[in-house]
Amino acid sequence: MRIETIDLNFLGSEEVIASFLLLGDGSAALVETGPTTCLESLRKGLEKHGVGGADVSEVFLTHIHLDHAGASGHLAEILPNATFYVHEVGYPHMADPSNLIKSATRIYGERMDELWGEIHPVPEDRLVRLSGDGEEVGAAGGVLTAHDTPGHAYHHLTFHEPESGALFAGDVAGIRLPGRSYVRPPTPPPEVDMEAWAKSIETMRSIAPKTVSPTHFGTFGDVERHLNELEQRLQDWLLFVEERMDEGEGREEIADELKDKGDAEMLSEGAEPEDTEHYDLAGSYQALADGIIRYVERRRKDRE
Ligand SMILES: [Zn+2]
């Protein structure tokens with residue numbers, strides 16, 4: 001099996017959102033669709049690799065956030081032979097995206113159209129739910145195994161391709177730019193769960209992949225170092241945000257301080273100052289801080 005990365009050129013920027021193309025003997029599969037606004041880039045990417053719409057037999061979604069799965073309904077039309085695989089908790093929202101659209105509109109407001117475009121349902125007879133208990137699913141003539149990996153979202157899967165050792169990690173392995181070592185934790189509201197996330201990092205370690213492929217963006221071979229850095233940064237950011245909440249700081253102030261901290265960390269790992277905007281396209285600091293604040297508030301309420 002051959003694996004290619006298609007750059008979806010999100011908002012005209014390179015290396016922000018990826019779709020991964022798996023090529024077997026005469027059949028193809030995709031991991032991630034990207035948003036509807038990137039459909040043209042996806043189409044070109046398939047064409048570049050000589051893949052016609054009818055050749056794609058499977059589409060795998062790590063989770064239903066619009067930057068990962070937003071184009072699914074449109075793709076169901078363009079790829080007439082493709083079956084769509086999604087986590088069982090995300091399944092209803094692919095079949096009927098109305099609540100998904102509502103909650104995304106609460107976050108993105110007037111920018112919905114510019115960022116994500118129109119969202120169509122995937123016909124139920126084309127959709128298959130996965131639990132992520134390691135089930136094997138045929139993919140481009142080979143297989144992918146699906147693993148339940150909550151933390152960034154409750155309904156998040158990672159897919160392992162045993163032949164190459166690639167692990168398609170969605171957002172649960174963080175955000176990392178090609179050629180950089182820095183791993184930024186994507187912690188937007190509303191479902192961030194740090195305990196679940198730590199367990200999912202263990203799950204990814206136990207799969208022992210040869211490479212890890214975050215949707216934002218690319219494929220990296222230093223899996224152990226990558227996961228260690230993510231694990232430590234998640235713990236560190238949680239403590240940092242919690243301390244500031246205890247001091248009575250507001251959400252904007254916390255986001256500003258988290259940004260200063262994150263940018264300093266990034267620069268100390270040799271990144272360029274302009275990298276921060278690039279990382280921001282996949283998750284701004286206000287969203288990252290809000291997601292952690294919400295997690296802390298929820299956990300405190302649960303413990304009362
Ligand atoms: Zn994402």
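This note covers the strand pairing in a predicted model.

1. **The open sheet.** 6 strands make up an open sheet. Their order is 1-2-3-4-5-6. The pairing is mixed. Strand 1 (2-7) and strand 6 (127-130) are the edge strands, and each pairs on one side only. On average, neighbouring strands of this sheet are turned by 20° against each other, direction ignored.

2. **Background on pairing.** Backbone hydrogen bonds pair the strands of a sheet, in either a parallel or an antiparallel arrangement.

3. **Strands 2 and 3.** Inside the open sheet, strand 2 covers residues 18-23 and strand 3 covers residues 28-31. The two run antiparallel, joined by 4 bridges. For a position to inspect, take Leu-22: its bridge partner in strand 3 is Ala-29.

4. **Strands 7 and 8.** Strand 7 (residues 133-139) and strand 8 (residues 142-148) also run antiparallel. Here 5 bridges join them. Ala-139 has Gly-142 in strand 8 as its bridge partner.

5. **The hairpin turn.** Strand 7 and strand 8 form a hairpin with 2 residues between the strands. Which residue in this hairpin takes a positive phi? Ala-140 does, with a value near 50°. A check of the backbone torsions could start there.

6. **Strands 8 and 9.** Strand 8 pairs with strand 9 (residues 157-161) as well. The sense is antiparallel, over 4 bridges. His-147 stands opposite Thr-158 of strand 9. Strand 8 therefore has two partners to view together: strand 7, through 5 bridges, and strand 9, through 4 bridges.

Technical notes: Residues are numbered from 1 along each chain as its sequence is written. This is a predicted model: local features need pLDDT of at least 70, side-chain atom pairs count only at pLDDT 80 or more; totals for chains, interfaces and linings use all residues. Two strands pair if DSSP finds at least two bridges between them. Axes are lines fitted to C-alpha atoms, for helices over the stretch in contact, and angles run from 0 to 180 degrees between N-to-C directions.
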